[in-house]
Amino acid sequence: HRSMLAACTVGPGTVVTCARSGVEYGSSLAWALCFASVLAYSLQEGSARLTLVSGKTMGQCVQEKFKTSAAGGTAPRACWAFTVAVYTGCMLYQCNNFAGGIDALFAFPGMENFSQNAIRISGCFLYGIAVIAILYQDKADAIGVGLGVVMMAMIVLFLAAAISVGCSGADLAWGLLPTLPPMSAVPDAAAPCEMVLSLVGTTAIGVNLFFSGSMAVGTTMADCRRGIAFSQLSALLVSLLIMIVGSGSAQQVDDLGKFNIGLLADAIQHYFGRGGTFAFAMGFVAAALSSMLTSVLGVVSAAEGLVLSPKDVESGAMPQLPRRAFWSIAFSIVLIGMAAIIANLPRVTVILVAQLFNGILLPVYSLALLMCITDSQFMGSEPPKRCSLLLLISSVTVTLVLAWRVIIEKSAMLLSLIIGVDLTKEGNTLLIIAALLGILSMVLFWLFSRNLGKASCQDSSDEGSSVSGTLSGTSIGAAEGPGKEVDQCQAKCHEVTADPADLAAVAVVVPSAEICN
């Protein structure tokens, strides 16, 4: 499971985004990768802890939080909205995966001798068929182990490439300090704040929160921590190495045009020959395939927790989507990803848009986890430690600031076109506004979470009063004499019964002594 998590974290978008960051900004944004890895670890560890302590996955906890708005036993509207957001994010990730997967095919030696259109179209169909076949055979876990091994081989390859290309230790050390560099001179370069959010979005993948909770079932917290730490350290190492190789490759090119993933393949072939390029392309294909699988499974895992009736995960009984719903999700996400690349949309732009959208969506996942993990009804027996909670809150606040920074900059660009004044030059002002909005968002979320918790408690109290009134007209209430034994039985039943409606129904036909037992 953890190898699958690591493999899907280092997907084709990671390879392209980290290489592009290295080409356009050198190693000055290495801090963003480190921050994203810490954030990913704290979020996934929190999701696993939530599942082990509460006996519910993150999706089920969110459904429980919003159950007051549900009617007729259906999932709350907020959970359906959350599921749509997860689907949209994973659908864009799938477009990103197919874009990177096609770049991986072009990285094989000799591919320049074939028609690019033929490779692009046939490659999309081959990837789509492979994903559907693996899901149909239910071999995702076994494939994930193999893909995780391939990712370890990629680390060795990029480590050797980074040593060959060379890296300035001073530049890398400065890159660990959180700063936004000036706009790159590379043609069509991404803005620094966009690149930072893309690096965060491609490393701290929000949908992995649902995977972490599901993978925690039947394990211990110590095992979860080790597995999550392994996957995140592996992903961080290979991401930094890709950034270093991209930076070194750009410095060796005299006339550097706009970014192209071919720079990375050319650098590897220069040092390791065609065999090295073939190994790089194979690892790239493995990263694409693993991410294509997890884009589908991520939506399924989220939907099973958010919209299906919760079950106790301690027994290993997890709710599952009907097969028709499962395949509807699988085929739609795969077909949309194929269509975007067959239509020849700019692949680098597709990857950037997917990472930006999911980077903006990341605070939503994070706030949902924070709302559940600070709720005593889920974490009453083992509340999170103060240092862990502080790290989680501060990390989520930073993601809010980054998301607001990108939103404000894009709004400023649009407003500049309307009024004829370039507002994007006021970088410090935009950052201050984003910081204030990020902090304000966190405060408003905290107030909302507290009010939601109070409403839930009030509803629970009302349900308790209702069941007491119902019991008075049943066999318990009609027991011979208002004795103390009957009162004790009522109290005990009310205390241990999860659903008052079920208790009232049972009380009509079952003698009071049996209910007490």
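Is Asp 188 buried or exposed? With a relative accessibility of 61%, Asp 188 counts as exposed; exposed means over 50% relative accessible area, buried under 20%, and partly exposed in between (1.4 Å probe, protein chains only). Before going further, please note that this is a predicted model, in which local features need pLDDT of at least 70, side-chain atom pairs count only at pLDDT 80 or more, and totals for chains, interfaces and linings use all residues. Residues are numbered from 1 along each chain as its sequence is written, and side-chain values use heavy atoms, with hydrogens and water left out.

**Loops with positive phi**

Asp 188 sits in the loop between helix 8 (169-175) and helix 9 (192-203); helices here are DSSP runs (H or I, at least four residues), numbered from the N terminus. Although Asp 188 is not a glycine, its phi is positive, about 60 degrees. Asn 344 is another non-glycine residue with a positive phi, near 65 degrees. Asn 344 belongs to the loop between helix 13 (323-342) and helix 14, and at 45% relative accessibility it counts as partly exposed.

**Helix 5 and its link to helix 14**

Helix 5 covers residues 77-106, and at 1.5 Å a residue its 30 residues should span 44 Å, which agrees with the 44 Å between its end C-alpha atoms. That expected span is 1.5 Å times one less than the number of residues. Because 21 of those 30 residues are buried, helix 5 is largely enclosed by the rest of the structure.

One residue of helix 5 to look at is Asp 103, which forms a salt bridge with Arg 347; the term means a side-chain nitrogen of Lys or Arg within 4 Å of a carboxyl oxygen of Asp or Glu. This pair links distant parts of the chain, since Arg 347 is in helix 14 and the two residues are 244 residues apart. Asp 103 is buried, at 8% relative accessible area.

Pro 363 also lies in helix 14 (residues 347-373) and is buried at 3% relative accessibility. Leaving aside neighbours within four places in sequence, Pro 363 is in contact (heavy atoms within 4.5 Å) with Thr 399, Leu 400 and Ala 403. The C-alpha atoms of Pro 363 and Ala 403 are 8.0 Å apart, with their positions 40 residues apart along the chain.

**Salt bridges**

The structure holds six salt bridges, including these three:

| Pair | N to O distance | Location |
|---|---|---|
| Glu 24 and Arg 20 | 2.9 Å | helix 2 (residues 12-25) |
| Asp 103 and Arg 347 | 2.9 Å | helix 5 and helix 14 |
| Arg 226 and Asp 223 | 2.2 Å | helix 11 (residues 221-251) |

Glu 24 and Arg 20 are both buried. In the helix 11 pair, Arg 226 is exposed at 54%, whereas Asp 223 is partly exposed at 37%. Glu 45, Arg 49 and Arg 225 are linked in a network of salt bridges.

**Core and surface**

The largest nonpolar core has 130 residues, of which Phe 158 and Phe 280 touch the most other members. Helix 12 (residues 262-306) gives the most to this core, with 18 residues. Such a core is a set of buried Ala, Val, Leu, Ile, Met, Phe, Trp, Tyr and Cys residues joined through side-chain atoms within 4.5 Å. Among the residues that Phe 158 touches are Val 238, Leu 264 and Phe 280.

On the outside, Ile 418 of helix 16 (residues 386-419) is exposed, with a relative accessible area of 64%.
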